[in-house]
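The following note comments on a structural model in numbered points. Please read each point alongside the coordinates.

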Amino acid sequence: MPNKVLLVDGMALLFRHFFATSLHSQFMYNSKGVPTNGIQGFVRHIFSAIKEIQPTHVAVCWDMGQSTFRNDMFDGYKQNRSAPPEELISQFDYVKEISEQFGFVNIGVTNYEADDVIGTLAKSYSTDNDVYIITGDRDLLQCINENVEVWLIKKGFNIYNRYTLNRFNEEYQLEPQQLIDIKAFMGDTADGYAGVKGIGEKTAIKLIQQYGSVEEVINQIDALTPGQRNKINDNMNELHLSKRLAEIHTEVPLDSEQLFMDMAFATTLNHILSICNEHELYVSGKYISSHL
């Protein structure tokens, strides 16, 4: 049987659960006055995934600061986002410390996003293993292949929007890599790049279903409607830039062989609960006791 590799988008879990509870100011401070609401959710979520997937190897991937190589390409990249709250910032390093104690390998590479690290490892490991990606970011759907599934987090701790290659093919009538071309046209307001103004997701999907790629759409531009042709011509530079920004980089400099050995995962319930108690993660400990 192949190994099962679990790659977790750490910030996606931390942010999701922080904002889900901070909405009602439920920060769950520990005795040192450090808020732990995001960490509590992170812990419950990752062990729920472990119960369902039963991975042999686990890594948690992290962003390493706001600036990456994409900011060198476009200085407006992700610059429209507000700074995280102080109560969340204080949990950034703390969650990594706890993650390491549980036996997870934390991976982050300066100048790259967590998505790039996940994409690189998924590409490397899926040759001989089954790979599962837990994230809230639909961009990672472009990394799906026969051995890579992407589980998009939804409600609670164990409900996912699960994408296999078959599901992606049936839903979009495209290959996962063509998601890059779709995003090139529609842009990404959350990441701060525009794509082609006036072309949304439906039109972008139709264009790529018909022509296959941004480049082929441009080659066949005379066959488009006048409106589409004008929009593309007026935003040609943005179109090419958006495609470069949308593509997950899968050649991050990593020692994937050594990491794979480090990622071997095995633990006991007692060990998990002792770490929860050490860090006063009592809500997480109670949840894990009753669910694992």
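1. In strand E4, Ile134 is the bridge partner of Val8. Val8 belongs to strand E1 (residues 4–9), and E1 pairs with E4 (residues 130–135) in the parallel sense over 5 bridges; pairing requires at least two DSSP bridges between two strands.

2. E1 is also joined to strand E2 (residues 57–61), again in parallel, by 5 bridges. Here Asp9 stands opposite Cys61 of E2.

3. Of the 6 residues of E1, 5 are buried, where buried means under 20% relative accessible area with a 1.4 Å probe, protein chains only. For the protein of 292 residues, the buried share is 51%.

4. The model is predicted: local features need pLDDT of at least 70, side-chain atom pairs count only at pLDDT 80 or more, and totals for chains, interfaces and linings use all residues. Residues are numbered from 1 along each chain as its sequence is written, and side-chain values use heavy atoms, without hydrogens and water.

5. The protein contains 14 helices and 6 strands, taken as DSSP runs (helices H or I, at least four residues; strands E, at least two).

6. The radius of gyration is 20 Å, which agrees with the value near 19 Å for a compact globule of 292 residues; this radius is taken over C-alpha atoms, and the rule is 2.2 Å times the number of residues to the power 0.38. Along the principal axes, the C-alpha atoms fill a box of roughly 65 × 45 × 30 Å.

7. Among contacts (heavy atoms within 4.5 Å) with a separation of 6 or more, 69% involve residues 24 or more positions apart.

Notes:
Buried means under 20% relative accessible area, exposed over 50%, partly exposed in between (1.4 Å probe, protein chains only).
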